[in-house]
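Student: I've got a structure open and I'd like to talk it through. Can you take my questions one by one?

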Amino acid sequence: MYGKEANLKEQIIEEYKDDLVRLLKYLPFLEQKGGKDVQDYYEGDGENKVIPVPVYDSTLLGFVKEARSTKFMYRNYPYVYRKWKMPDAKAERIAMESATLRDIDLFRGIISKYVLGGQTRAKLWTEAVEERIFVTALARMKSLMFDHGRTPVQ
């Protein structure tokens, strides 16, 4: 039984470690930013006022673009939310803190909700930064994958 468990963990690490390393370069940025720091509104110049359009920090947009191209994207993320019964950001953080490496789909679902959902409701990107969802997900996955003698390859 233990051998199968160790083998599964190694498979998960092997499959996701490269994508995680790509996203970890954004962790310092995400740790120091609050939600309002990554979003502003453009309303036009002078008398030419327009409907306010959200404008996002370029580093946040870089993170979103990078995340979209990783194996962490999971289009069926609503299933993860039903399975884990996560009604809000607090429940998401609690679930991530208690998750193990075998729960990689939890991390995939949460990251996908905010990255993919943010493409149609961009306030989700700001909310994920403000509620420290991206920080919690990346830090916890880093801990699970690399804090046991492994070092991330840069």
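What follows is a chat about this predicted model, from overall layout to single residues.

Student: Let's start broad. In what pattern do the helices and strands follow each other along the sequence?
Tutor: There are eight helices and two strands to place. Reading along the sequence, the order is α-α-β-β-α-α-α-α-α-α.

Student: How much of the protein counts as buried?
Tutor: The C-alpha trace spans about 70 × 35 × 25 Å along its principal axes. The accessible surface is about 9,100 Å², and carbon and sulfur atoms own 50% of that. Out of 154 residues, the buried share is 44%.

Student: And how far apart are the mean positions of the positive and negative charges?
Tutor: The protein carries 26 positive and 23 negative charges. Take the mean position of each set, and the separation is 6 Å.

Student: Now the inside. Which helix gives the largest share of the largest nonpolar core?
Tutor: That core holds 51 residues, and Leu 30, Leu 60 and Leu 138 have the most contacts inside it. Each of α1, α2, α3, α4, α5, α6, α7 and α8 puts in at least two residues. The largest share is nine residues, and those come from α8.

Student: Which residues does Leu 138 touch, leaving out those up to four places away in sequence?
Tutor: Leu 138 is one of the residues with the most contacts inside the core. With sequence neighbours up to four places away left out, the partners are Leu 20, Leu 23, Leu 24, Leu 27, Leu 30 and Phe 63.

Student: What about Ile 111, is that residue buried or exposed?
Tutor: Ile 111 is found in helix α6. Its relative accessible area is 2%, and the cut-off for this class is under 20%. So Ile 111 is buried.

Student: How far is the C-alpha of Ile 111 from that of Ala 137?
Tutor: Along the chain the two are 26 residues apart. Ile 111 does touch Ala 137, and the list also includes Met 73, Phe 134 and Met 141. The C-alpha separation of Ile 111 and Ala 137 is 7.5 Å.

Student: What share of the contacts between residues at least 6 apart joins residues at least 24 apart?
Tutor: The Ile 111 and Ala 137 pair is 26 residues apart along the chain. Across the protein, for contacts between residues at least 6 apart in sequence, the share joining residues at least 24 apart is 69%.

Student: On to salt bridges. What is the N to O distance between Lys 17 and Glu 14?
Tutor: Both residues sit in helix α1, and being three residues apart they are separated by about one helical turn. Lys 17 is partly exposed at 23%, while Glu 14 is exposed at 51%. Their side chains meet in a salt bridge with an N to O distance of 3.5 Å.

Student: Arg 22 has a salt bridge with Asp 19, so which network includes these two?
Tutor: Arg 22 and Asp 19 meet at 2.9 Å, N to O, and these residues of helix α1 are about one helical turn apart. Arg 22 is partly exposed at 28%, whereas Asp 19 is buried at 9%. Through shared salt-bridge partners, one network joins Asp 19, Arg 22, Lys 25 and Glu 66.

Student: How many residues apart in sequence are the parts that Glu 131 and Arg 93 tie together?
Tutor: Glu 131 forms a salt bridge with Arg 93, with the closest N and O atoms 3.1 Å apart. Glu 131 lies in the loop between α7 and α8 and Arg 93 lies in helix α5, so the pair ties together parts whose sequence separation is 38 residues.

Student: Back to backbones. What is phi of Lys 85?
Tutor: Most residues other than glycine have a negative phi. Lys 85, found in the loop between α4 and α5, is exposed at 68%. Its phi is positive, near 50°.

Student: And what is phi of Arg 132?
Tutor: Arg 132 lies in the loop between α7 and α8. With a relative accessible area of 33%, Arg 132 is partly exposed. Its phi is also a positive value in a residue other than glycine, near 60°.

Terms used
Residues numbered from 1 in each chain as written. Predicted model: local features only at pLDDT ≥ 70, side-chain atom pairs only at ≥ 80, totals over all residues. Heavy atoms only, no water. Helix = DSSP H or I, 4+ residues; strand = E, 2+ residues; numbered from the N terminus. Buried < 20%, exposed > 50% of the residue type's maximum accessible area, 1.4 Å probe, protein only. Contact = heavy atoms within 4.5 Å. Areas by Shrake-Rupley, 256 points an atom, 1.4 Å probe, with all protein chains shown as cover. Lys, Arg positive; Asp, Glu negative; His and termini not counted. Charge placed at Lys NZ, Arg CZ, Asp CG, Glu CD. Salt bridge = Lys/Arg side-chain N within 4 Å of Asp/Glu carboxyl O. Core = buried A, V, L, I, M, F, W, Y, C linked by side-chain atoms within 4.5 Å.
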